[in-house]
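User: I am new to this structure and would like a close look at one part of it, the sheet and what lies against it. Please take me through that part in one connected account.

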Amino acid sequence: MTALNPTPEEALADWAARVRANREQAERVREGTEGTDFYAPVAQVFRADPRRRDEPALDRLLEIVQPGDTWLDIGAGGGRYALPLALKAREVIAVDPSEGMLEQLQAGMTDAGIGNVRVVHSRWPMAEAPVADVALIAHVGYDIEEIGSFLDAMEASSRRLCVAVLLASSPAAAAAPYFEQVHGEARSLLPALPEFLAVLLARGRLFEVWLGDRGAMGYPSREGALAFLRQQLFVRPGGKKDVQLQEIVAGLPEEDGRVRLASTSVSLGIVTWKPGAGR
């Protein structure tokens, strides 16, 4: 096939190669051993007020919800989208493999008085997967090597619609400049929204895309920025590279009460398609 019209196998192989290169580089530079719950140290960051306003991407998702809908949030994390969706949908099924993330989600449910979220501790794809009207992935998939089988399972669990929220460059890409400063080599970047759309087209899926802007990435404190960069750079606290990383974080600019990791905004896309719908 041509570069403008790759076969499904070619598109999936390219996606897998990028994910593999990213992982292999991480394994090579990692200090210490990887924990059993990669997101536990930063899980608190993924909580958000479920009744928040003035977030266009969330407003768009809420517009998709139909009366009586059940939503399946794959990789629900701390409930950033699962909880506000639960305020409008009949039920949200929140699936995530991270105990730390699910603890934050359950705490958010308690704080907000939300009781229609069913929490499932599991990786995806999963055996005996639940079925819902809408299946959602939000900032999930960037690092999934076997993205084809992942999407197959997602479509099989969706009766009406599949939805993906992705950035034009993966969230981890915000750490790439610091990766090079600390490790002395360019970061192998993960696939993101453009590559995801290419995979869908190669698989014969037509879709709609809503585009918004996430703004420049930042954290409300230098401690939060340091925790994120330690995680993404695989740096052990207290080591030689960590001292260098702390110096970098101390010099990061602060704007509007947030420590900025990047100076430019990143486009965000909400992709919707019908499960199994080809061209």
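Analyst: What follows describes the sheet, then the helices beside it, and finally a cavity. The model is a predicted one, and in it seven strands form an open sheet, whose order is E3-E2-E1-E4-E5-E10-E6 and whose pairing is mixed. The two edges are strand E3, residues 117-121, and strand E6, residues 208-213, each of which pairs on one side only. On average, and with direction ignored, neighbouring strands of this sheet are turned by 20 degrees against each other.

Resting on the sheet is helix H2, residues 56-64, which touches E1, strand E4 (132-138), strand E5 (158-167), E6 and strand E10 (267-273), and the direction of H2 makes about 10 degrees with that of E10. Helix H4, residues 99-112, lies across E2 and E3 and runs at about 165 degrees to E3.

Within the sheet, one pairing can be followed in detail: strand E1, residues 70-74, and strand E2, residues 91-96, run parallel and are joined by five bridges, with Leu72 standing opposite Ile93 in E2. In general, the strands of a sheet pair through backbone hydrogen bonds, either parallel or antiparallel.

As for enclosed space, the model has one cavity of 30 Å³ or more, and the largest cavity has a volume of about 60 Å³. Its lining includes Asn22, Ser170, Arg187, Leu189 and Gln232, and by class this lining has six nonpolar, four polar and one charged residues.

Technical notes: Residues numbered from 1 in each chain as written. Predicted model: local features only at pLDDT ≥ 70, side-chain atom pairs only at ≥ 80, totals over all residues. Heavy atoms only, no water. Pairing = 2+ DSSP bridges. Helix = DSSP H or I, 4+ residues; strand = E, 2+ residues; numbered from the N terminus. Axes fitted to C-alpha atoms, helices over the stretch in contact; angles between N-to-C directions. Contact = heavy atoms within 4.5 Å. 1 Å grid on protein atoms, 1.4 Å probe; cavity = no way out; pocket = protein on both sides within 12 Å on 5 of 7 lines; lining within 4 Å. Points joined across faces, edges and corners; volume = space filled by probe spheres on them. Nonpolar A, V, L, I, M, F, W, Y, C, P; charged D, E, K, R; others polar.
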